[in-house]
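Colleague: Could you take one part of this model and go through it closely for me? I would like to know what surrounds it and how its ends are arranged.

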Amino acid sequence: MSGHDEATATRPAPSRTALRVCPLCEATCGLTLTIEGTRVTGARGDRDDVFSKGFICPKGASFAEVDADPDRLTGPLVREGGALRAATWDEAFDLVAARMRPLIEEYGPHSVGVVLGNPNVHTMAGALYPPVLLSMLRTRSLFTASTVDQMPKHVSSGLLFGDPLAIAVPDLDRTDHLLLLGANPLESNGSLCTAPDFPGKLKALRRRGGTLVVVDPRRTRTAKLADRHVAIRPGTDALLLAALAQVLFEEKLADPGVLAEHLDGLDEVREAVRDFTPEAVAAACDVPADEIRLLARGLAAAPTAAVYGRVGSSTVEFGTLANWLVDVLNVLTGNLDRPGGVLFPLSATAPAPRPAGPGKGFALGRWTSRAGGHPEAKGELPLAALAEEIDTPGEGRVRALIAIAANPVLSAPDGLRLDRALSEHLDFMVSVDPYLNETSRHADVVLPPPPPSRSAHFDFAFNAFAVRNQARFTPAAVPLEDGRMDESEIHARLILAVSGMHGADPSAVDDLVIERALTKAVATPHSPVHGDDPARLAAALTGTSGPQRRLDMMLRLGPYDLVLDDLLAHPHGVDLGPLRPRLTQVLKTRSGKIELLPAPVAADLPRLRRALETRPAALVLVGRRHLRSNNSWMHNIATLTGGSNRCTLQVHPHDAARLGLTDGADARVTAEGGALVVPVEVTDAVRAGVVSLPHGWGHDREGVRMAVAAAAPGVNVNQLLDGSRLDPLSGTAVLNGFPVDVTPIS
């Protein structure tokens with residue numbers, strides 16, 4: 001070999017770039033990845049992205065580190081002799097089929113529990129296949145992250161509009177007045193409101209003369225940006241919102257405008273909030289009555305306005321009532337379904353809009369959980385009830401569990417009980433997860449998906465909450481390595497293994513979904529393919545994989561006359577324009593109108609009235625979000641640790657002095673579920689009477705293979721709860737505003 005040949009042989013592969021939509025939070029920013037060989041080495045914002053226009057946050061900038069995390073599992077694991085060992089993919093799925101089917105046949109489909117975690121909605125496979133799995137299993141034992149997050153919004157939307165997925169988002173780019181409750185988008189990047197550069201949009205609102213009001217017990221980064229920050233007592237958002245509605249009625253400021261013809265129950269709402277005067281709620285909320293009136297008048301006077309509440313107003317005692325009142329206020333001010341107010345997005349993969357008219361409506365409590373009698377909501381049972389469904393003896397007990405991108409040992413209340421239940425009471429468990437974490441360490445089979453650069457991406461879920469209609473598809477940036485399995489094939493083979501079709505070609509799952517969807521579509525009168533031939537339509541689909549063919553089908557059946565090739569031809573995305581009014585397409589209630597005071601809400605209002613007389617606890621706890629974190633699944637990336645991203649107990653200086661707490665010293669926090677020892681951070685960023693501890697920490701269990709997270713494990717705030725505190729309408733765990741005792745540790 002010549003010297004020239006040697007130089008050529010050792011020269012590193014030239015770098016290239018590839019586009020990718022970030023899968024690390026709900027903002028869905030476009031990224032430009034730098035790739036050397038088969039390794040992602042950097043990420044920057046895609047300036048030509050039609051939606052994010054170059055914006056990037058620290059999580060997106062760390063995409064390369066996330067992708068190359070050495071603790072990611074590279075192949076399946078199976079349990080043998082009490083320990084997990086490396087296995088082949090065939091071994092893993094053979095074991096799933098051999099163990100799961102006999103359990104289903106002996107104990108019935110409800111004996112299999114399914115847990116879906118937050119990361120599911122960040123991947124194509126996670127969005128497309130779990131619904132198929134559930135339909136094949138026919139189990140009612142479904143538990144998801146929604147009941148520790150946004151289920152109150154789904155329930156209130158279902159009751160108001162007849163569809164739990166009909167969620168109106170604030171028109172951030174055009175509104176004149178924005179009222180945020182329990183939301184900190186400068187840290188979270190937004191949630192149930194997909195908006196790249198949420199911080200920039202809030203600053204633009206201020207620059208154009210608009211008003212930003214933030215209701216939050218913490219002086220967050222978002223609150224610091226606001227024109228007005230209302231440091232409410234945690235858990236009383238529903239009382240404040242009811243008082244705002246009462247003022248609008250009392251001062252004759254309620255004006256639904258064109259919405260009036262679509263309303264049912266306006267007079268009943270007026271009567272329902274009559275007792276919630278500013279004076280009546282002021283003490284409970286710790287907000288002066290005059291300030292409440294100013295907030296209501298500001299909403300009514302603004303040319304356009306939007307009320308938006310998120311996790312801080314959902315994971316509380318009156319979460320569903322608070323979310324219901326958010327949209328009641330948007331209705332009373334005429335800002336629902338109005339540019340500059342709140343509007344319903346129209347995703348490119350949504351079904352073609354149906355004709356206006358009554359629908360099937362939305363029902364709660366169609367069945368209840370076996371052990372605790374908790375009513376279902378949107379087909380789900382409370383995640384807080386998972387442990388009792390496993391460890392409570394009796395017929396119908398959950399004996400097998402499929403956990404997909406879920407870590408409920410940390411995300412659900414009383415993780416110690418769930419930890420024991422998974423270890424001692426399950427007959428079999430499968431986990432689809434890239435890590436051996438606090439939950440997946442209990443599995444009998446672990447099926448790890450590949451790193452995100454190895455998968456194509458389309459946002460099925462988040463485009464339904466986007467503040468601008470658009471569509472973006474990015475192919476896999478890097479090919480799969482030998483021995484890795486595509487995430488969609490993992491899901492398809494899992495479905496085949498548990499449904500009695502083990503050994504069939506994985507493509508059979510996608511073919512079945514396509515056949516069923518097209519057969520239904522050609523029989524639907526308002527479908528764009530009504531009367532066509534399903535076989536011909538299926539043959540016309542393009543894409544190099546089952547998920548891509550399904551995406552192409554959904555685009556063709558959708559509202560914009562798009563096909564997959566359109567997205568491939570526009571790698572930075574297709575802009576579909578600003579949100580537009582479309583209320584009549586959305587309404588699916590039995591009356592065909594907005595049912596402004598649904599019966600379940602009316603039945604729960606007496607509980608809210610009783611809160612007016614309840615003496616508040618001396619000290620309550622709230623969570624908080626970190627910009628460089630996302631629940632429990634972003635703590636193993638070194639570039640995202642340190643700084644403000646810490647698991648500390650934030651305490652107001654007055655409370656610290658009263659309780660004898662010292663900045664940097666440890667304190668013991670105690671509630672009904674247990675006690676934690678955590679470092680104190682004295683700060684006036686929290687109001688007096690409130691302490692704050694972030695969610696998703698506690699990486700200190702034996703058998704977890706997450707070295708970076710284990711080096712700074714923090715504590716699991718949800719261990720302070722025993723699972724008994726739930727919003728009764730939605731089954732959502734009360735993670736904010738619950739009483740605690742804090743004592744110093746010398």
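Modeller: Happy to; here is a close look at one helix, its ends and the core.

This is a predicted model, with local features needing pLDDT of at least 70 and side-chain atom pairs pLDDT 80 or more, while totals for chains, interfaces and linings use all residues. Numbering starts from 1 along each chain as its sequence is written, and side-chain values use heavy atoms, without hydrogens or water.

Helix 9 spans residues 198–207, and its buried residues are Phe198, Pro199, Gly200, Lys201, Leu202 and Leu205. Here, helices (H or I, at least four residues) and strands (E, at least two) are DSSP runs, numbered from the N terminus; buried means under 20% relative accessible area, with a 1.4 Å probe and protein chains only. The cover over these buried residues includes strand 9 (177–181), helix 8 (185–188), strand 10 (211–215), helix 10 (221–225) and strand 13 (306–309).

At the N-terminal end, Asp197 acts as the cap, with a side-chain oxygen 2.8 Å from the backbone nitrogen of Gly200. Just after the helix, Gly209 has a positive phi of about 90 degrees.

Leu202 and Leu205 are also touched by Leu212, whose other contacts (heavy atoms within 4.5 Å) include Leu178, Leu180, Thr222 and Leu225. In the largest nonpolar core, of 92 residues, Leu212 is among those touching the most other members, along with Leu239, Leu241, Trp324, Leu336 and Ile594. Helix 11 (residues 237–250) gives the most to this core, with 11 residues. Such a core is a set of buried Ala, Val, Leu, Ile, Met, Phe, Trp, Tyr and Cys residues joined through side-chain atoms within 4.5 Å.

Definitions and conventions: Buried < 20%, exposed > 50% of the residue type's maximum accessible area, 1.4 Å probe, protein only. Polar contact = N/O pair within 3.5 Å; in protein donor to acceptor, adjacent residues only side chain to side chain. Lists of a residue's contacts leave out its neighbours within four places in sequence.
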